[in-house]
Amino acid sequence: MLDHRTVSLADQIFEQLENDILSGKFERGEILTETKLSESMGVSRTPVREALRRLEQDHLIEDTPKGSVVLGITREDLQDIYALRQNIEGIAAYRAAQRITDEQLKELRDLLDLQEFYAAKKDADHIKGMDNVFHELLYRYSGSNIIYNTLTPLHKKEQKYRK
């Protein structure tokens, strides 16, 4: 299934900044400013401003008079993410098991087989990719938009943090 969406410049900047924050490139307490970011990224301040607003909504930064302070994800935040995922994914799996089709079940089995294949080759990047797809499908197959919209960003943050 190919996705032919156009990704806006603000989306690209958001993804880059999110990765940089979650990977630790920008440390907790560091100040980010629109001006410095737009200069370093070679873009105008408008898409940077939009990306910073989204990062603030995701509680990865906090706006202050001096600029945006990096909050990132703490060890405690990560423990909370794991606890939430553990509980809600159980509900997602239960719901998916009630409504899954044979074709969808085969798709999940194929993804697990691919993870085992890549595990034997010690290919961590492909294992993570297959894991991401598996979980996204599990969330979708639960049939609940609430479950999908809750778990997807948590899984994404955890994956980026682990990276």
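This report covers helix H2 and the nonpolar cores of a predicted model.

## Helix H2: two faces

Helix H2 spans residues 34–41. Its buried residues are Glu 34, Leu 37 and Ser 38. Viewed down the axis of H2, these buried residues fall within an arc of 95 degrees, so they line one face of the helix.

The face turned away from that buried side carries Lys 36, Glu 39 and Ser 40, which are exposed. Just after H2 comes Gly 42, with a positive phi of about 70 degrees.

## What H2 packs against

The buried residues of H2 pack against two helices and a strand. The helices are H1 (9–22) and H3 (45–57). The strand is S1 (31–32).

## The largest nonpolar core

In soluble globular proteins, nonpolar side chains tend to be buried together. Here the largest nonpolar core holds 20 residues. Leu 17, Ile 21, Phe 26, Leu 32, Leu 37, Leu 52 and Leu 55 touch the most other members. H1, H3 and helix H4 (75–99) each give two or more residues to this core. H1 gives the most, with five residues.

Leu 37 ties the two topics together: this residue is on the buried list of H2 and is among the core residues that touch the most other members.

## Around Phe 26

Which residues does Phe 26 contact, leaving aside its neighbours within four places in sequence? They are Leu 17, Asp 20, Ile 21, Leu 32, Leu 37 and Val 70.

## A separate core

Apart from the largest core lies another, of 15 residues. Its members include Leu 108, Met 130, Tyr 139 and Tyr 141.

Definitions and conventions:
Residues are numbered from 1 along each chain as its sequence is written. This is a predicted model: local features need pLDDT of at least 70, side-chain atom pairs count only at pLDDT 80 or more; totals for chains, interfaces and linings use all residues. Side-chain values use heavy atoms; hydrogens and water are left out. Buried means under 20% relative accessible area, exposed over 50%, partly exposed in between (1.4 Å probe, protein chains only). Helices (H or I, at least four residues) and strands (E, at least two) are DSSP runs, numbered from the N terminus. The arc is that of the directions from the helix axis to the C-beta atoms. Contact means heavy atoms within 4.5 Å. A nonpolar core is a set of buried Ala, Val, Leu, Ile, Met, Phe, Trp, Tyr and Cys residues joined through side-chain atoms within 4.5 Å.
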